[in-house]
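The following exercises concern a structure that is to be read together with its sequence. Each task is followed by a solution in steps.

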Amino acid sequence: MDWTAFKLSLWLSLWTTIILLIVGLVFARAIAWRNFPGKSLLEAVVALPLILPPTVLGYYLLTLFGRDTLLGQTFEDVTGHTLVFSFAGLLLASIIYSLPFAIQPMLRAFEAIPISLREAAWCSGLGHWKTFRHVEFPLARPGILTGVILTFAHTMGEFGVILMVGGNIPGETRTISIAIFDRTQAFDMQSANTMALVLLVFAFVTVSLVYIFNRRHSHIVM
Amino acid sequence: MELTIFLQQKTPIPLNARLVCKSGEVHALVGPSGSGKSSILRCVAGLHTPRFGKVHCSNKKWFDSEHNINIPPQQRRVGMVFQHFALFPHLSVTENIMLPLRHLPLATRRARADDLLERVNLKGLESRFPAELSGGQQQRVAIARALAREPAVLLLDEPFSAVDHVTRRKLRMEAVQLTRNLNIPVLLVTHDLDEACMLANHITVLHNGTTLQSGIPEEVMKQPTNATVARLIDMRNLFEGTVVDHEPENNCTRLEWAGSILEAPYSPEFSIGEKFDWCILPSEVLLHRRVKPSRGIKENPVSGRIGELVSIGGTTNIIIKLADRPGIKLYMDLPQHVVRRNALMPSEEIGVSLLKNSMHLMHKQKKH
């Protein structure tokens, strides 16, 4: 059992989830309620990672993060090491790859809130932040939670993109799924088996928790 | 407190509205769907920003396009009751009412919510959620929530359209009592004229976003300013006539209509030979009784045949086809017992009088 890889995966998933929670809320609210030029295009871009093969996405990210691009060069100038084959590169790739998993459920949840409820909140004297806190967030909570859990689980199990962008550096880019692949390749079936089982149990427990939590809150609203 | 509204825009909804609503006044905006009634309400609440105009509440400027003033809804102190109530589904009745009071300490909030619930007769339902309430109860919560902030203006957007017929009648009675005790301007949007006449002490008729006529309900319903308003208030007896002559000494203007000469109140503002529109309320058409002729029988007598008889809630609507011009339909409303006593039947001959002082003449509108 490669605990370092497991911890790395957890760490990566945690940061991806935190960042995507914030990014997701901003994007989902904007797409749900605002009209701006290029809205459909933005929706398409956001949904793209859902249908793109991970290797294709990984290939482009690898190219984008390389030393020859502005992004890769700037990152290396500032931090002193490359964006590819680093944890930061992995995190950025994960954020892009899991974007639709965070945004789609949140978007549906915000879209389902009638505009009149927000207007009623404004007419009750609630500012935009308080309207979010007392009306939008509680009503969209199941969707937001689903987005968070999907992002976390999706990042835990990420493989193709990581292999392309991060490679297999222990403690830096070797996540649990890479480790499982690595052990299987080396015919170390016992380690692979243990890690696969840990991941399975972990996934099952988190998804169950979501369902229990959502059920407990849904009876009030409906 | 006085609410002054002046709004103008061409898109997205055309608006050309002017109205004043005083404290303690229930002012109804009536008009067909799409006439811009709700848009005016939304402009007052700050939910829609018109192109030009002013919305002043006493000396506070909520909106003024000339001075670039546009106060957000949060700071306008309006109480708004939405068409489908827009209650917060995740909050209990009390929490719904307490949400606008977040600036007050919890104990004060609770006390105010209790007080409001009592005023709208909702005691005992404090911990229910909106989904567990009937339509009428939801409406009461919406009113209580709108009043919670002690608003400077109360806005009601079709507040009775989402409840069933029986509940509506009950809620209207309650609303009459509730609004009478409020000393603030109340704007009521409705497409229901009966509702407007019942609840409001002032009516403004709207068409395509334009305010056409304002006045007390009785005046507007009896004396529309032109044929468009007459149609909007469902004036069934709307006809065209021509001025024959004036008899100031008899307080009378004589007109030609459908081959007969009728007398109307003296109206010198119409010149001889001028074509005009005129109307009379169906309830101001007098039946000539066969057995015991009543007074007024000589006033503008008209004869015809009964075309249809339809009874609704104690009143019978009768359509009379004129003897000389069967194409013209004259409407008459009679109490049901009068119809029964006189044994009125379809296709029977009938004589009626158009009461002179109820004849209302209107200038022809200029064609655009």
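The exercises below treat confidence, fold, interface and local geometry in a predicted model.

**Exercise 1. Confidence of the model**

Task: State the confidence of the complex and of each chain, and identify the elements of chain A in which confidence is lowest and highest.

Solution. Begin with the complex as a whole: the predictor assigns an ipTM of 0.85 and a pTM of 0.85. Next, take the chains in turn. Chain A has an average pLDDT of 89, with 97% of its residues scoring at least 70. For chain B the mean pLDDT is 91, and 98% of the residues reach 70 or more. Finally, consider the elements of chain A: confidence is lowest in H10(A), where the mean is 82, and highest in H6(A), where it is 96.

**Exercise 2. Architecture of chain A**

Task: Determine how many helices and strands chain A contains, and give the dimensions of its C-alpha trace.

Solution. Counting the elements gives ten helices and zero strands in chain A. Read from the N terminus, the order is therefore α-α-α-α-α-α-α-α-α-α, helices being numbered in that direction. Along the principal axes, the C-alpha trace of chain A spans about 65 × 40 × 30 Å.

**Exercise 3. The interface between chain A and chain B**

Task: Describe the extent of the interface, its polar interactions and the composition of the side contributed by chain A.

Solution. First, establish the extent. The contact involves 21 residues of chain A and 20 residues of chain B. About 1,700 Å² is buried between the two chains, and carbon and sulfur atoms account for 68% of this area.

Second, examine the specific interactions. One salt bridge is counted between chain A and chain B. Its partners are Arg42(B) and Glu119(A), whose closest N and O atoms are 2.6 Å apart, and the cut-off for a salt bridge is 4 Å. Five residue pairs are in polar contact across the interface, both residues being at pLDDT 80 or more.

Third, locate the contributing elements of chain A. Helix H6 (115–123), helix H7 (128–156) and helix H10 (189–221) each supply at least two residues to the side that touches chain B. That side of chain A comprises twelve nonpolar, six polar and three charged residues.

**Exercise 4. An aromatic pair**

Task: Classify the pair formed by Phe159(A) and Phe181(A), and explain which parts of chain A it ties together.

Solution. The whole structure holds 13 aromatic pairs over all chains. In the pair of Phe159(A) and Phe181(A), the ring centres are 5.1 Å apart and the planes lie at 65°. Planes over 60 degrees apart count as edge-to-face, so this pair is edge-to-face. Phe159(A) lies in the loop between H7 and helix H8 (160–165), and Phe181(A) in helix H9 (residues 176–185), so the pair ties together parts 22 residues apart in sequence.

**Exercise 5. Backbone geometry in chain B**

Task: Where in chain B do Pro12(B) and Asn208(B) lie?

Solution. Pro12(B) is in the loop between strand E1 (2–9) and strand E2 (15–22). A cis peptide bond, with omega about -10°, joins Thr11(B) to Pro12(B). Asn208(B) is placed in the loop between strand E10 (202–207) and strand E11 (210–215). Although Asn208(B) is not a glycine, its phi is positive, at about 50°.

How values were computed. Residues numbered from 1 in each chain as written. Chains lettered and ligands numbered in written order. Predicted model: local features only at pLDDT ≥ 70, side-chain atom pairs only at ≥ 80, totals over all residues. Heavy atoms only, no water. Contact = heavy atoms within 4.5 Å. Buried area = accessible area lost by both parts, 1.4 Å probe. Salt bridge = Lys/Arg side-chain N within 4 Å of Asp/Glu carboxyl O. Polar contact = N/O pair within 3.5 Å; in protein donor to acceptor, adjacent residues only side chain to side chain. Helix = DSSP H or I, 4+ residues; strand = E, 2+ residues; numbered from the N terminus. Nonpolar A, V, L, I, M, F, W, Y, C, P; charged D, E, K, R; others polar. pLDDT = per-residue confidence, 0-100. Phe/Tyr/Trp six-rings, centres within 6.5 Å; stacked < 30°, edge-to-face > 60°.
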